[in-house]
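Visitor: I am new to this structure and would like a close look at a single part of it. Please take one residue and then work outward from there.

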Amino acid sequence: MNISHHFDDATLISYSSGSLPQGMALLVASHLHWCPECRVRTEETDTIGGALLDALAPVALADDALEQLLARLDAVEVEPAPAPAPVQNSDNDDELPAPLAAVLGQPIDALPWRRVGYGVQQVDLGLEGPGATRLLRIQPGISVPHHTHRGNELTLILRGSYTDEVGRFQRGDVADVDTEVQHQPIVDTDQECICLIATDAPLKFSGLIGRLAQPFIGL
Amino acid sequence: MLEDDPEGKKVNAATDLAHERQARERENWTRALATLAETRDRKLFAELFAHFGPRVKAYIIRLGMPMATAEEITQEAMLSVWRKAHLFNAAKASASTWIFTLTRNLCIDRMRRERHMEYELPDDKADPQERHDGEQAVLEQRMRKAIDTLPDAQAQVLFLSYYEGKSHSEIAEQLGIPLGSVKSRLRLAFGKLKQHWEGES
């Protein structure tokens with residue numbers, strides 16, 4: 001897989017510090033599954049957490065804390081080493097990143113897609129959090145109305161590609177945008193584009209068409 | 001003018017000594033955790049517990065958990081250390097970082113109604129940055145040193161992220177600054193930490 005768009009450092013810091021909403025964390029984990037470069041960066045942001053853990057003033061535990069814990073050691077089983085992650089087959093364009101596949105539980109084409117506008121279908125993953133987590137399936141030549149963001153919006157391309165003011169995004173790429181970016185993605189080949197989108201606040205559509213489209217797309 | 005200031009020099013030398021001591025400790029704990037995986041030695045585990053338990057508890061309290069919950073999650077976290085010690089890879093993380101991630105995941109579990117999905121990531125076989133055991137602890141010590149030198153505004157956003165689990169928007173609201181400023185402060189902080197990380201290796 002040829003990945004050319006990655007996460008903002010600020011996003012990986014939030015991932016490592018555990019402060020991302022569930023859907024955004026799922027999206028980050030999914031990209032990490034595909035992207036060795038971002039995995040190395042995440043080791044670094046995790047290390048900040050380790051250094052900060054060390055820097056904390058210790059808080060005394062209950063007197064019998066160690067005793068209690070030692071008594072439990074016999075009862076626990078040592079966790080088996082995880083099975084090695086399946087070999088990535090970049091030829092199989094339908095393969096989903098493992099974290100997302102585990103949440104969906106079925107192939108992407110078998111999901112209950114719902115039409116939300118001309119040439120656009122979506123599946124809401126119904127995760128917790130202040131924003132939303134959706135799969136969007138956009139037909140060739142269709143563009144999502146011009147919109148800005150109140151918060152952060154992460155997009156992971158699962159199939160096909162699109163182009164917007166920032167550049168061209170293909171399978172495996174992430175778009176990591178916020179309030180400062182106004183963009184209008186358009187599907188730029190004859191293949192449909194499927195992406196996972198996670199936000200931490202509702203989107204803001206600009207222009208009349210955008211405002212009309214908002215209730216339907218409901219992003 | 002630091003060179004002409006004998007007192008300043010003394011202070012710096014003392015700080016350097018403290019950092020060296022911390023670095024040694026960090027390496028020792030990392031080695032201890034790697035040893036635990038092989039020996040399953042309960043005495044060694046008790047030592048790890050005595051060192052990390054109170055720090056883990058302090059972290060959980062900072063995240064805003066009630067005292068009793070903090071005590072309980074500390075137990076769970078240290079139990080995970082025992083159960084998963086053989087999965088610890090000293091070339092990838094120091095003991096502190098590994099225990100931090102275990103605890104963080106348990107806290108996320110607790111804060112969400114749904115089960116936290118723990119993702120197994122592919123093992124990077126041909127990692128060009130493969131480090132030797134213990135080297136990670138040295139890098140982490142540099143990171144710790146670098147955190148102390150960050151401007152307050154940058155340290156603050158790091159603390160709010162890691163210690164209080166606040167999102168970018170929550171930090172923006174709390175500090176009364178735009179979302180973009182929160183992110184640029186985090187980026188600047190990370191950039192400086194990385195300089196230390198890469199510059200001295």
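Guide: Val174(A) is buried in this predicted model, because 25 other C-beta atoms lie within 10 Å of its own, where 20 or more are enough for a residue to count as buried. Val174(A) sits in strand S8 of chain A, which covers residues 174-177. Leaving out residues up to four places away in sequence, Val174(A) touches His5(A), His6(A), Phe7(A), His31(A), Leu154(A), Thr155(A) and Leu156(A). Between the C-alpha atoms of Val174(A) and Ile197(A) there are 9.6 Å, and 23 residues separate the two along the chain.

Thr155(A) and Leu156(A) also lead to another residue. Cys195(A) is in contact with both of them, and with Leu136(A), Ile157(A) and Leu158(A), when its neighbours within four places in sequence are left aside.

Cys195(A) belongs to the largest nonpolar core, a set of 86 residues. Those with the most contacts inside this core are Cys195(A), Val28(A), Leu196(A) and Ile99(B). Helix H2 of chain A, residues 22-34, gives the most to the core, with eight residues. Domain 1 (1-117) and domain 2 (149-201) of chain B both supply residues to the core, so it lies between them. In soluble globular proteins, nonpolar side chains tend to be buried together.

The last step is the contact between the chains. It takes 61 residues from chain A and 65 residues from chain B. On the side of chain B that touches chain A, H2(B) gives the most, with 10 residues. The residues of that side divide into 30 nonpolar, 20 charged and 15 polar.

Technical notes:
Residues numbered from 1 in each chain as written. Chains lettered and ligands numbered in written order. Predicted model: local features only at pLDDT ≥ 70, side-chain atom pairs only at ≥ 80, totals over all residues. Contact = placed C-beta atoms within 7 Å. Helix = DSSP H or I, 4+ residues; strand = E, 2+ residues; numbered from the N terminus. Nonpolar A, V, L, I, M, F, W, Y, C, P; charged D, E, K, R; others polar. Buried ≥ 20, exposed ≤ 12 C-beta atoms within 10 Å, placed from the backbone. Core = buried A, V, L, I, M, F, W, Y, C linked by C-beta atoms within 7 Å. Domains from an automatic or database assignment.
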